[in-house]
Amino acid sequence: MIGNSRRIDSSQLGVDHRLTDLIARYRVSEYLKPVAEHTRDAFEWLCDQADLSQHQLLLDSGCGTGASTRHLSGGVAADPALGDQAPTLFIGVDQSAARLRSEQWDAPGQRDGDVILLRAELTDFWRLLAEASVRLAHHYFLYPNPWPKPSQLQRRWHAHPAFAAVLELGGRLTLRTNWAAYAEEFAAALDAYGHPGAKATRISPDPPMSPFENKYLASGHPLYGVCYDLG
Ligand SMILES: C[S@@+](CC[C@H](N)C(=O)[O-])C[C@H]1O[C@@H](n2cnc3c(N)ncnc32)[C@H](O)[C@@H]1O
């Protein structure tokens, strides 16, 4: 175990013992929940903005205000997952209009140069990308909601049936969290899906990349991360 996560109110210390069986079940079944209309609109709007096959794509899943998406757009040179062969689009997606302030928008998304912010339901959005055979260069999951109760296991990204679509999108995955068990579970989920060797580690980001990272660093939380190349 890489940490005791006293900052998260959960009875869980390490990887949930049900995770491997859960993923084994997902792997032999199809996830059929219909895609929300607003997410389909957001995806179509995105496809009207740019030919996704002609860009390197960085996806910031659960981008909140989009501050991290903008931050990442300034760091192309430092990102080993991004080459210089094609233009890059930095796509931030969040379900929360309040966080994105999308009430000021007249479209499902907002574009500022190579940064695009979309309001969409991620578990649907990932499936739409995978159905369209989109490939990502780098996929960020910065401080996802931890859903720390055992009854909430399937709400964590890696234990949700839509995570299979995330793996189809490929690229480099970067997860950051303030809950050690979440990072360990994320790595264990990759292994259960046939992507071995992911490791959860303590991280010390400097400078902070997102508002939640900033908040946790300022209050002295230990932080954890997983970086993994899906190829
Ligand atoms: C804890 S916040 C982290 C925000 C940002 N990544 C940061 O580090 O500052 C988690 C974000 O994920 C978004 N989110 C949670 N579930 C989502 C879903 N199913 N689809 C889209 N966004 C979701 C929330 O609206 C929220 O903005």
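Here are five short exercises on the structure above, each with a worked solution.

This is a predicted model, in which local features need pLDDT of at least 70 and side-chain atom pairs count only at pLDDT 80 or more, while totals for chains, interfaces and linings use all residues. Residues are numbered from 1 along each chain as its sequence is written.

**Exercise 1. Trace the open sheet and find which strands are at its edges.**

Solution.
- Start with the terms. Helices (H or I, at least four residues) and strands (E, at least two) are DSSP runs, numbered from the N terminus. Two strands pair if DSSP finds at least two bridges between them.
- Read the order. Eight strands line up as β3-β4-β2-β1-β5-β6-β8-β7, and the pairing is mixed.
- Take the ends. β3 (109-112) and β7 (200-203) are the edge strands, each paired on one side only.
- Add the twist. From one strand to the next, it averages 20°. Axes are lines fitted to C-alpha atoms, for helices over the stretch in contact, and angles run from 0 to 180 degrees between N-to-C directions.

**Exercise 2. Describe how β3 joins β4, and how β6 joins β8.**

Solution.
- Begin with β3 and β4. They run antiparallel and are joined by four bridges. Gly109 stands opposite Leu118 in β4.
- Look at the turn. The two strands form a hairpin with two residues between them. Gly113 in this turn has a positive phi of about 65°.
- Move to β6 (residues 172-177) and β8 (residues 223-229). Six bridges pair them in the antiparallel sense. Arg172 has Asp229 in β8 as its bridge partner.

**Exercise 3. Place helices α2 and α7 on the strands.**

Solution.
- Fix the contact rule. Two residues are in contact if their C-beta atoms, placed from the backbone, lie within 7 Å.
- Place α2 (residues 37-49). This helix lies across β3 and β4 (115-119), at about 160° to β4.
- Place α7 (residues 180-192). This helix lies across β6, β7 and β8, at about 15° to β8.

**Exercise 4. Work out how α2 packs on α5, and how α1 packs on α7.**

Solution.
- Take α2 and α5 (residues 122-131). Their axes are 9 Å apart, at an angle of about 45°. That makes α2 oblique to α5. Angles under 35 degrees count as roughly parallel, over 145 as roughly antiparallel, 65 to 115 as roughly perpendicular and the rest as oblique.
- List the contact. α2 supplies Thr39, Arg40 and Phe43, and α5 supplies Asp124, Phe125 and Leu128.
- Take α1 (residues 19-27) and α7. Their axes come within 10 Å and cross at roughly 40°. That makes α1 oblique to α7.
- List this contact too. Leu19, Thr20 and Ile23 of α1 meet Glu185, Ala188, Ala189 and Ala192 of α7.

**Exercise 5. Find how many residues surround the ligand, and which helix gives the largest share.**

Solution.
- Set the limit. A residue is near a molecule or strand if its C-beta atom, placed from the backbone, lies within 6 Å of it.
- Count. 19 residues surround the ligand. The closest are Gly62, Gly64, Gln95, Ser210 and Phe212.
- Sort by helix. α5 and α8 (211-218) each supply at least two residues of the shell. The largest share, three residues, comes from α8.
- Sort by class. The shell has seven nonpolar, eight polar and four charged residues. Ala, Val, Leu, Ile, Met, Phe, Trp, Tyr, Cys and Pro count as nonpolar, Asp, Glu, Lys and Arg as charged, and the others, Gly among them, as polar.
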